[in-house]
Amino acid sequence: MNLPRLPNTPYGTRQLGPSDLHLWLLPPPDSPRAAPVAELDMQERQRAAAYRRHSDRQLYVAAHVGLRRVLSVYTGVAPHRLVIGREWCEECGERHGRPVLVDLPGAPEFSLSHSHGLALVAVAHTRVGVDVQALPSQETVEACLPLLHQAERQEITRIPADRRQTAFARLWSRKEAYLKGLGTGLARAADLDYLGEAAESWRPTGWTVRNIPLCEGHVGAAALAGDKDWRAALHPVPADWLHTRDAVERIATVQPGLRTVLRAHDPSAVRTHALIDTRNRKERAQAS
């Protein structure tokens, strides 16, 4: 089943090249009114209702409404008519893993992340994961260090204390972006994959994982399947556009506020890391 295109939607104004990554920065809604929940499907509404704090619920709704409106620009399908499901698994014959657009052949891949008042959407023509993180407290960093790969852990602890929170947030955002791109999320143990900065040659093969510049107080990262350079364009969406009836048309006119290239390799970091243990977690546990 192919969904009908919107006749008045500026379909095609956001074309994606094979090496393009489009990022959309979605701030919280600048309005006391409730976000348009009617554009969400039943599952999204149930998840929104599960949030206890009103501010968290509003951010979730705003982020998912924003995601649908961004995707509408690429597909020409009304936000409420987009069917967002899970990736089809050929092995088990069921849908699970990454969120994908259903019944839209050729639709772009996408990823969504939101944290502490900020949401980020990534759109590309390959498997993509994106993550945004607010800077954590020192207590959070210390609590999460044991979850990291051994080499990542030692890299973070060697950084001066006044820079450790930012370094940890950058690392964790890279790790979550990669796990989202895989489709496992944190169901895959965080210590299995090395996403540090000291030895990029030991990072997962076949992926480009880079931090992206965001506003003060937040860090972000994107992971794309494909061992190559990617042209990234960051589009900041004005906060007061969430409640306008012509939101899709307005979003289609947003021009990139930042353009950059996400390099597949940093030559200065391609070196052997003495701390990296290439055995899997079970083998490491048995050895210890």
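This report walks through the overall make-up of the chain, two helix pairs and a handful of single residues.

**The chain as a whole**

Keep in mind as you look around that this is a predicted model. The protein chain holds seven helices and 10 strands. Of its 288 residues, 50% are buried. Among contacts in the chain with a separation of 6 or more, 66% join residues that lie 24 or more positions apart. The exposed surface of the protein chain comes to about 14500 Å², and carbon and sulfur atoms supply 50% of that area.

**Two helix pairs**

A good place to start is with helix α1 (residues 42-49) and helix α2 (residues 54-75), which pack at an angle of about 155 degrees with their axes 8 Å apart. Angles over 145 degrees count as roughly antiparallel, so α1 is roughly antiparallel to α2. On the α1 side, the contact is made by Glu44, Arg47, Ala48 and Ala49, while α2 brings Arg57, Tyr60, Val61, His64 and Arg68. Sorted by character, the residues of this contact are four nonpolar, one polar and four charged.

Now move along to helix α4 (residues 150-157) and helix α5 (residues 161-182). These two pack at an angle of about 155 degrees, and their axes are 9 Å apart. The pair α4 and α5 is therefore roughly antiparallel, and its crossing is right-handed. From α4, the residues in the contact are Glu152, Ile156 and Thr157; from α5, they are Arg164, Ala167, Phe168, Leu171 and Lys175. This contact of α4 with α5 divides into four nonpolar residues, one polar and three charged.

**Two buried residues in helices**

Is Arg174 buried or exposed? Arg174 sits in helix α5, and it counts as buried because its relative accessibility is 3%. Leaving aside residues up to four places away in sequence, Arg174 touches Leu195, Gly196, Glu197, Arg203, Val209, Asn211 and Ala221. The C-alpha atom of Arg174 is also 7.2 Å from that of Ala223, although the two residues are 49 residues apart along the chain.

Tyr74 belongs to helix α2. With a relative accessibility of 8%, Tyr74 counts as buried too. Its C-alpha atom lies 8.7 Å from the C-alpha atom of Leu16, and 58 residues separate Tyr74 and Leu16 along the chain.

**Two loop residues with positive phi**

Most residues other than glycine have a negative phi. Which loop holds Asp103? Asp103 is in the loop between β3 (95-101) and β4 (109-115). Though not a glycine, Asp103 has a positive phi of about 65 degrees. His116 lies in the loop between β4 and β5 (118-124). The phi of His116 is positive as well, near 45 degrees, and this residue is likewise not a glycine. Asp103 counts as partly exposed, whereas His116 is exposed.

**Accessibility side by side**

The table gathers the residues discussed one by one above.

| Residue | Relative accessibility | Class |
|---|---|---|
| Arg174 | 3% | buried |
| Tyr74 | 8% | buried |
| Asp103 | 30% | partly exposed |
| His116 | 66% | exposed |

If you are browsing the structure, Arg174 in helix α5 and Tyr74 in helix α2 each belong to a helix from one of the pairs described earlier.

How values were computed. Residues are numbered from 1 along each chain as its sequence is written. This is a predicted model: local features need pLDDT of at least 70, side-chain atom pairs count only at pLDDT 80 or more; totals for chains, interfaces and linings use all residues. Side-chain values use heavy atoms; hydrogens and water are left out. Helices (H or I, at least four residues) and strands (E, at least two) are DSSP runs, numbered from the N terminus. Buried means under 20% relative accessible area, exposed over 50%, partly exposed in between (1.4 Å probe, protein chains only). Contact means heavy atoms within 4.5 Å. Accessible areas come from the Shrake-Rupley method with a 1.4 Å probe; for residues, only the protein chains shown count as cover. Axes are lines fitted to C-alpha atoms, for helices over the stretch in contact, and angles run from 0 to 180 degrees between N-to-C directions. Angles under 35 degrees count as roughly parallel, over 145 as roughly antiparallel, 65 to 115 as roughly perpendicular and the rest as oblique. A crossing is left-handed if the near helix is turned anticlockwise from the far one by less than a right angle, and right-handed if clockwise. Ala, Val, Leu, Ile, Met, Phe, Trp, Tyr, Cys and Pro count as nonpolar, Asp, Glu, Lys and Arg as charged, and the others, Gly among them, as polar.
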